[in-house]
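Visitor: I would like to learn how to read the features of a model like this one. Could you take me through it?

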Protein chains: 2
Amino acid sequence: MIKIGDFARLSQVSVVTLRYYDEMDLLEPVKVDHFTGYRYYSADQLPRLNRILALKDLGFSLEQIKLMLADGLSLEQLRGMLEMQRSQVEQRLSDEQERLVRIEARLRQIELEDQMPNYDVVIKTAPAMLVAARRVRIPTNDQVPEYLGPAYSEVYDYIRKQGAKDNGQCLTLWHSPADVYANEDSEAMVVIDRPLPGTDRIKVYELPPTQVAAVIHQGNFEEFTQGHAALLEWIDANGYKIVGPYREIYIKYEKDNLSDSTTEIQFPVEKA
Amino acid sequence: MIKIGDFARLSQVSVVTLRYYDEMDLLEPVKVDHFTGYRYYSADQLPRLNRILALKDLGFSLEQIKLMLADGLSLEQLRGMLEMQRSQVEQRLSDEQERLVRIEARLRQIELEDQMPNYDVVIKTAPAMLVAARRVRIPTNDQVPEYLGPAYSEVYDYIRKQGAKDNGQCLTLWHSPADVYANEDSEAMVVIDRPLPGTDRIKVYELPPTQVAAVIHQGNFEEFTQGHAALLEWIDANGYKIVGPYREIYIKYEKDNLSDSTTEIQFPVEKA
DNA sequence: CTTGACTCTCAGGTGACCTGAGGGTGTATA
DNA sequence: TATACACCCTCAGGTCACCTGAGAGTCAAG
């Protein structure tokens, strides 16, 4: 008959934790005094407690440990749980490894530029969307407005003519690589909420959900190259690779005040 | 002016999370309608949100991120935080790696023995303790009781004669390696609560706090070898090394019923 | 004017504990 | 025998980064 404090000293587990394990039905004292509520343990309970600690050390939750300590658990089930745990730990391991890579990339960037980077890259999954699109080839970089403008007008007109509605989102897909600025192959798209028939000039299809690396660019379209550079560098430094045409999503756009625009640049990526 | 739901869709952050960031003063809407409580965001806030997400991805807490986003933080401080984070991530990384090793050791053991291992090894720090000790050499393994018994009597007598008190804990230090069972060099110790003078035969000193790998052995002393074997195997499989004489701590001990004893076996270890 | 999508606040939950308040218990010493 | 002191109890509330759900108010379209 060992009082909780002595049992705590023996096992190096805090009194609070022992009470918590009691409450969880994970390790119940051999006796609880009915009048005082005092908990009394036995030396025979140390192996069970040690098993709990060992399993906790392997990363199992108390709930899982309770299962594993219950008798009637087959060896197969036990092995299954261990294997699941192994794969989870492997996952966490690689997560931490990637995190470390990202931290080191940021440190290097600080060394080089003497400031926090201007762009923060985030990985996300762009949702599936139904779009109406007009694809055009643009001879030189400064002709972009002159080609994209009419392309968008054409798409919007078509949508209106079909009696459908856009939901306000529009984006451009650039089929040429990010570092090519001549004869670019681009696609002006407007998101719509229900299917329409397509034509030769206007295609209607669904963009599937896509994992992308993204940055927010604020200001003129001419400075997009900076965002592209930041993204390309990040993608390279963090072990991703580009797997499709990149997207420009126009979040804030006023013709009269182009330098106050906000645009998201998204590169579809996968882990290399 | 973007409503919270649209801002959530743009940023792929849940509405709940945005409200939480507002409450944390991490990202406050540009405007909150005083009557309805509706939050309104601006596209200009996306870069800040992206920075929050990027830093969260590096493993920082929201509290740390708040600091890092506050202006007036020098580049030096920033670099310091990143370096701290790097070392913490490295720590977690090696923790997970060790965890993986332990899981795989357990899986192997299950394959071999077709059951959960009998002993669960835990790493802990044995606290510092003040002891009175009598060191004796024991010719053969079956003479252990015949030598240790008188040694303990001598220590207890000495403590009593000095008018001091033992606190009930006693242990044996084995200076010979665990796999040697002849001519063993052992030390019978009793924990005391205040300093005593020593003699030729009885030494009084403080055992420093020591990191140990430990198992609980239940039953006869003759079966200790199994516990030793389990410990040695674990220590080897998990990349530790033994750095001192091992200890036997008598937790439950009745002369009349030796097979109902409980003993802790502790090997002082360090990471190899 | 209704419908339906959206928004608000507030309370409570998650896991594995820890802290502290307020009060009872057990034993050794003056 | 009184008292000091270490120990034990329960219960409430906190941690972190959110999520769930209830109940009620708001907005835009039809």
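Guide: Gladly! Helices (H or I, at least four residues) and strands (E, at least two) are DSSP runs, numbered from the N terminus. This is a predicted model: local features need pLDDT of at least 70, side-chain atom pairs count only at pLDDT 80 or more, and totals for chains, interfaces and linings use all residues. Residues are numbered from 1 along each chain as its sequence is written, while chains are lettered from A and ligands numbered from 1 in the order in which they are written.

Visitor: Which elements supply at least two residues of the surface near DNA strand D?

Guide: A residue is near a strand if its C-beta atom, placed from the backbone, lies within 6 Å of it. Here chain A supplies α1 (4–11) and α2, and chain B supplies α2 and α4 (62–69). DNA strand D is surrounded by 20 residues, and A:Lys3, A:Gly5, A:Gly37, A:Arg39 and B:Ser61 are the closest.

Visitor: And which residues come nearest to DNA strand C?

Guide: They are A:Val16, A:Ser61, B:Gly5, B:Gly37 and B:Arg39, out of 19 around that strand. The elements giving two or more residues there are α2 (15–23) and α4 (62–69) of chain A, with α1 (4–11) and α2 (15–23) of chain B.

Visitor: How should I read the relation between the two protein chains?

Guide: Two copies of a chain are related by a rotation about an axis and a shift along it. Copies are superposed by least squares on the C-alpha atoms of residues with pLDDT of at least 70 in both. In this model, chain B falls on chain A after a rotation of 180° with 0.0 Å of shift along the axis (RMSD 0.1 Å). That is the relation of a two-fold axis. In chain B, B:Leu93 has the C-alpha nearest the axis, 3.0 Å from it.

Visitor: How many residues does each chain bring to the contact?

Guide: Residues are in contact if their C-beta atoms, placed from the backbone, lie within 7 Å. Chain A and chain B bring 45 residues each. On the side of chain B that touches chain A, α5(B) gives the most, with 20 residues.

Visitor: Where do the buried residues of α7(A) lie around its axis?

Guide: An α-helix has 3.6 residues a turn, so residues three or four places apart point the same way. A residue is buried if 20 or more other C-beta atoms, placed from the backbone, lie within 10 Å of its own. In α7(A) these are A:Gly227, A:His228, A:Leu231 and A:Trp234. Seen down the axis, they fall within an arc of 135° (taken from the directions from the helix axis to the C-beta atoms), so they line one face of the helix. They pack against β9 (210–218) and β12 (262–271) of chain A.

Notes:
Two residues are in contact if their C-beta atoms, placed from the backbone, lie within 7 Å. A residue is buried if 20 or more other C-beta atoms lie within 10 Å of its own, exposed if 12 or fewer, and partly exposed in between; C-beta atoms are placed from the backbone.
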